[in-house]
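Thanks for sharing this one with me. Here are my notes on two serines and the sheet beside them, for you to read with the model open.

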Amino acid sequence: MKVKPGTEGATITNTATLGDFDQIDSNKKNNTSSATFTVGGTIAGTLFNDADASWTFGPGDDKPFEGVTLRLLDADGNPVKDDSGADITTKTDADGNYLFNRLPLGSYKVEVVPGEAKVDGADVNLSDYKQTYGYGSSTKRSEAGKGKLTTPTISLTTSNANVSKVDFGFVKPASVGNFVWFDANKDGIQDADEVGVAGVTVTLTDGAGNPVIDLDGNPVKPVTTDANGKYEFTNLMPNVDRIVANAGEENYKVVFTVPAGYSATTSNAGDPEKDSNGADSSVTLAQGQNDETVDFGLVADGTVGKATWEKLFPTA
């Protein structure tokens with residue numbers, strides 16, 4: 001039988017009675033039969049690309065994920081089966097929405113199954129994204145890294161048979177880095193015969209110099225350039241999240257510590273991929289962006305001693 005929308009969780013009694021033209025029994029009690037049942041509940045939500053890592057599904061760059069599989073679990077985390085013994089699953093539609101309906105009242109969990117999907121018309125894989133918002137596990141930026149692909153227990157009861165906004169958000173991590181080199185001719189441009197500088201400390205902060213955290217909720221620690229002068233910061237939010245509350249600006253700052261006996265070469269001398277950005281450089285990152293243009297050139301202050309040279313430019 002059909003039930004009206006909004007009756008989920010209600011107990012309904014359906015009664016059938018024989019009419020005057022049916023083969024009725026002389027005992028009127030035998031001419032009526034009733035059945036009572038409880039209307040099942042629903043669990044619904046949305047999966048979205050949280051492009052600005054705001055932990056909300058807002059207008060602008062945020063887009064829905066289409067075609068993502070979600071699995072229904074029982075309260076113990078075991079897959080709920082249908083009559084054929086198959087796991088009960090559903091997929092998000094073009095608006096990122098999903099629905100489990102006609103569920104017997106009880107306790108459930110919902111699990112996101114990473115895999116192929118579409119976002120803004122492009123084929124993507126959810127495994128390439130980091131979770132931001134997670135229903136019941138990570139609902140704000142300060143809870144970065146705590147998001148779970150499986151919800152806490154969701155209870156469907158007669159008074160709460162429809163549970164909505166069981167949402168999940170994901171963002172593609174950003175990164176920034178590249179090269180510190182010895183600018184032998186002091187022209188501010190990387191030349192083919194100029195070598196990278198090892199062991200230079202590089203720090204990533206917000207625009208005001210305050211510490212920041214990554215998409216796992218961990219403080220972004222300073223790094224040192226490798227033997228080839230390369231460095232990189234990965235797993236970054238597209239918008240800065242600060243350890244110091246209400247401080248700083250919406251951009252990152254890459255800060256190079258100048259080794260003793262050296263100075264910064266000329267900044268912004270030409271080609272952005274080959275010139276020096278200076279001892280500190282503001283960087284704005286979009287989701288998924290890999291900015292490999294933040295370089296730093298060094299020039300010597302007077303004569304470089306042998307020990308210092310070997311430390312900065314080690315040979316194999």
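The points below go from the sheet to the two serines.

1. A word on the basis: this is a predicted model, where local features need pLDDT of at least 70, side-chain atom pairs count only at pLDDT 80 or more, and totals for chains, interfaces and linings use all residues. Residues are numbered from 1 along each chain as its sequence is written, and side-chain values use heavy atoms, leaving out hydrogens and water.

2. Four strands form an open sheet in the order β17-β16-β19-β21, with antiparallel pairing. Its edge strands are β17 (223–224) and β21 (280–283), each pairing on one side only. Strands here are DSSP E runs of at least two residues, numbered from the N terminus, and two of them pair if DSSP finds at least two bridges between them.

3. Four antiparallel bridges link β19 (residues 252–256) with β21. Val254 has Ser281 of β21 as its bridge partner.

4. Is Ser282, in strand β21, buried or exposed? Ser282 is exposed, at 55% relative accessible area (exposed is over 50%, buried under 20%, partly exposed in between; 1.4 Å probe, protein chains only). The side chains of Ser282 and Asn251 share a polar contact of 3.3 Å (N or O atoms within 3.5 Å, one able to donate a hydrogen and the other to accept it; residues adjacent in sequence count only if both atoms are side-chain atoms).

5. Ser276 sits in the loop between β20 (262–264) and β21. Ser276 is buried, because its relative accessible area is 0%. A polar atom of the Ser276 side chain lies 3.0 Å from the backbone nitrogen of Gly297.
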